[in-house]
Amino acid sequence: MEDKNGKGQSKPSNSRRNFIKSASVAAAGFYIVPRHVLGGPGFIAPSDKLLIAGVGAGGKGGDDIRKFAEAGNAEIAFLCDVDDRQAKKNRELFPKAKYYKDWRELYDKESKHFDAVSVGTPDHTHAIIAFHAMKMGKHVYVQKPLTHDIHEAYMMGEAAKKYKVVTQMGDQGSSNDGIRIMKEWYEAGLIGDVHTIHCWTNRPVWPQGIKWPDQKPPVPAGLDWDLWLGTAPYRDYEDMVVPFNWRGWWDYGTGALGDMACHIVGPVFKVLDLGFPTEVNCSVSTPYVDNFKPGYFPDSAPLSSSVHFTYEGKKGEEIKLNWMDGGIQPERPEELGPNEIMGGHNDLGNGVIFEGTKGKMMCGVYGDDAQLLPTSRNQEINVPQKYKRIPGQANGHYKQWIDACIAGYGQQEVDSPFVGYAVPLTQSILMGNLAIRSFNYRKEVEGRITYPGRGITLKWDGANRRVTNFEAANQYVKRDYREGWPELEL
């Protein structure tokens with residue numbers, strides 16, 4: 001493995017040099033003129049159709065692209081993916097969409113010919129792709145979690161405000177009815193004031209808590225590995241990372257918490273209108289490689305973890321949120337019958353329980369299967385609808401963004417805007433990862449290995465994005481990009 005700056009790699013490509021030059025010009029205040037200002041032969045006004053560039057043309061990003069096309073009033077104008085194998089399906093479905101491998105080249109050459117960007121790449125490249133799209137005045141849709149680290153999330157929010165673009169995070173379940181129903185129940189006082197929340201998932205469903213493999217297989221044809229690495233430190237190619245298992249490696253993914261909490265903790269944020277946590281602590285499973293011999297694999301997220309957040313509610317009250325992953329679940333509430341399913345019915349192994357001063361309520365992932373506890377209470381609910389429902393629910397999440405982009409900045413609401421929702425939710429989730437990574441931080445003291453981040457609570461200063469009582473944790477707030485990749489600067 002080479003160092004984090006990729007020393008010894010080839011010189012930056014022309015597209016990289018051109019992009020950095022363009023980014024410098026944009027930072028100086030000279031922005032590319034939006035397509036709708038230029039007009040010209042064959043021009044279709046944004047009020048008629050939104051032209052989308054899809055960066056990340058396979059996997060979930062590819063699914064998003066298809067959902068935009070199905071939603072109407074949108075055209076997939078460009079496709080971009082570092083892996084031709086992943087892009088194959090959508091290239092066949094959208095033959096008129098010009099294809100690029102490098103998003104920087106796409107931005108350099110085609111910025112006048114699209115209005116918005118959908119980012120469906122691995123977590124570690126979400127921010128840099130979306131941020132530079134916003135600097136060009138493009139609306140952005142970004143898959144969850146919004147970013148890989150806390151600093152990136154902050155910068156995404158600042159960019160959304162400065163460049164006045166329509167933003168939406170891809171936690172499509174936030175447009176489901178269940179979240180609105182629970183918010184109506186809560187505001188009607190059916191469970192009183194919430195003081196404790198339990199959230200859990202059966203993820204990871206990919207390998208975690210393992211050593212980086214020693215093999216060095218050849219890079220597959222069609223994959224630009226250096227481009228796939230992007231901002232991350234250089235490593236030799238490994239089969240088990242692409243296209244899915246990157247989620248379990250800290251250089252690229254955000255583990256089970258980053259993958260699922262937007263769908264599970266997100267409904268809690270919506271119902272309770274939470275902000276930043278004030279403190280967090282955790283415990284993490286330890287893999288053993290032999291009798292009494294723990295393995296130490298800091299590059300990989302753990303097999304399971306339990307994370308405990310403290311928030312300040314709107315009335316100044318303390319709210320505890322407990323997260324469990326790896327299939328570990330909280331104690332069943334006494335109000336739930338022995339044969340009744342705890343959590344969601346459609347995606348077993350995931351769920352949320354709200355504990356209030358007057359009762360409890362429960363849901364599954366995306367806020368689905370909302371129920372009061374005991375479940376017999378659900379026969380008596382008579383709470384008027386207060387919040388508008390989104391036609392199509394999760395599928396409507398896509399059309400909602402398209403319509404808002406066409407209407408223009410500030411004209412229509414979306415369910416997962418960066419400012420006010422996606423940024424604080426993402427930063428809160430990544431604060432949990434801060435605790436998990438601090439738990440496995442180790443140092444040598446007088447010839448003995450110690451773990452100073454274990455057994456403590458991290459105190460969080462949300463305004464300044466810093467842990468105040470354990471300095472080592474702050475190294476995970478902001479990572480350094482690999483040489484040749486520009487930092488996020490407004």
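**Entry 1. Strand β2 and its neighbours**

I began at Leu79, which stands opposite Tyr99 in β3. The model I consulted is a predicted one. I then looked up the pairing behind this position: β2 and strand β3 (residues 98–100) run parallel and are joined over three bridges. Between these strands I traced helix α4 (residues 84–93), and β2, α4 and β3 together form a right-handed β-α-β unit.

I next asked how many residues of β2 are buried. Strand β2 (residues 74–80) is mostly covered, with six of its seven residues buried.

**Entry 2. Strand β1**

I moved to strand β1 (residues 50–55), which pairs with β2 in the parallel sense over six bridges. I noted two partners within β2: Gly54 is bridged to Leu79, and Val55 is bridged to Cys80. Leu79 therefore enters my notes twice, as I cite the DSSP bridges: it is the partner of Gly54, and it stands opposite Tyr99 in β3. Helix α3 (residues 59–71) completes a right-handed β-α-β unit with β1 and β2.

I also looked for a pairing of β1 with β4. Strand β4 (residues 116–119) pairs with β1 in the parallel sense over four bridges, and Ala53 of β1 stands opposite Val117 of β4.

Is β1 enclosed or open to the outside? I found that six of its six residues are buried, so β1 is largely enclosed by the rest of the structure. In a regular strand, side chains alternate between the two faces of the sheet. I accordingly checked each side of β1: Leu50, Ile52 and Gly54 are buried on one side, and Leu51, Ala53 and Val55 are buried on the other.

**Entry 3. Domains and record annotations**

I looked up the domain assignment of the protein chain, which gives domain 1 (46–173) and domain 2 (177–388 + 418–476). Their C-alpha centres lie 25 Å apart. The contact between them takes 36 residues from domain 1 and 38 residues from domain 2.

I compared this with the UniProt record. Its unreviewed entry lists "domain: Gfo/Idh/MocA-like oxidoreductase N-terminal" at residues 53–170. Over that span I recorded 49% helix and 22% strand, with the end C-alpha atoms 16 Å apart. The unreviewed UniProt entry also places "domain: Gfo/Idh/MocA-like oxidoreductase bacterial type C-terminal" at residues 216–281. For residues 216–281 I recorded 33% helix and 5% strand, and the end C-alpha atoms lie 37 Å apart.

**Entry 4. Nonpolar cores**

I examined the largest nonpolar core, which has 105 residues. Those with the most contacts inside this core are Tyr107, Ile197, Trp228, Leu272, Trp323, Phe354 and Phe418. Which helix gives the largest share of this core? I found that helix α13 (residues 418–439) gives it, with twelve residues. Domain 1 and domain 2 both contribute residues, so this core lies between them.

Apart from this core I located another, of 22 residues, with Leu50, Ile76, Leu79 and Tyr99 among them.

I then listed the surroundings of Trp228. Leaving aside residues up to four places away in sequence, Trp228 touches Val82, Pro122, His124, Thr125, Leu223, Val241, Val242, Trp246 and Tyr252.

**Entry 5. Backbone details in loops**

I looked for cis peptide bonds and noted two prolines. The bond from Arg203 to Pro204 is cis, with omega near 15°; Pro204 is in the loop between β7 (194–200) and α9 (225–229). A cis bond also joins Val242 and Pro243, with omega about 5°, and Pro243 is in the loop between α9 and α10 (255–264).

I also checked phi in residues other than glycine. Phe292 has a positive phi, near 60°, and is placed in the loop between β9 (288–290) and β10 (293–294). Is Phe292 buried or exposed? I found Phe292 exposed, at a relative accessible area of 83%. Arg465 has a positive phi as well, near 55°, and is in the loop between β18 (458–461) and β19 (466–467).

**Entry 6. Arg442**

I closed with Arg442, which lies in the loop between α13 and β16 (443–445). At 36% relative accessibility, I counted Arg442 as partly exposed. Excluding residues up to four places away in sequence, Arg442 touches Tyr296, Ile449, Thr450, Tyr451 and Pro452. Arg442 and Gly453 are eleven residues apart along the chain, and I recorded 7.8 Å between their C-alpha atoms.

Conventions. Residues numbered from 1 in each chain as written. Predicted model: local features only at pLDDT ≥ 70, side-chain atom pairs only at ≥ 80, totals over all residues. Heavy atoms only, no water. UniProt positions renumbered as here; feature names shortened; annotations may be inferred. Helix = DSSP H or I, 4+ residues; strand = E, 2+ residues; numbered from the N terminus. Core = buried A, V, L, I, M, F, W, Y, C linked by side-chain atoms within 4.5 Å. Buried < 20%, exposed > 50% of the residue type's maximum accessible area, 1.4 Å probe, protein only. Domains from an automatic or database assignment. Contact = heavy atoms within 4.5 Å. Pairing = 2+ DSSP bridges. Right-handed = clockwise from strand over helix to strand, strands pointing away.
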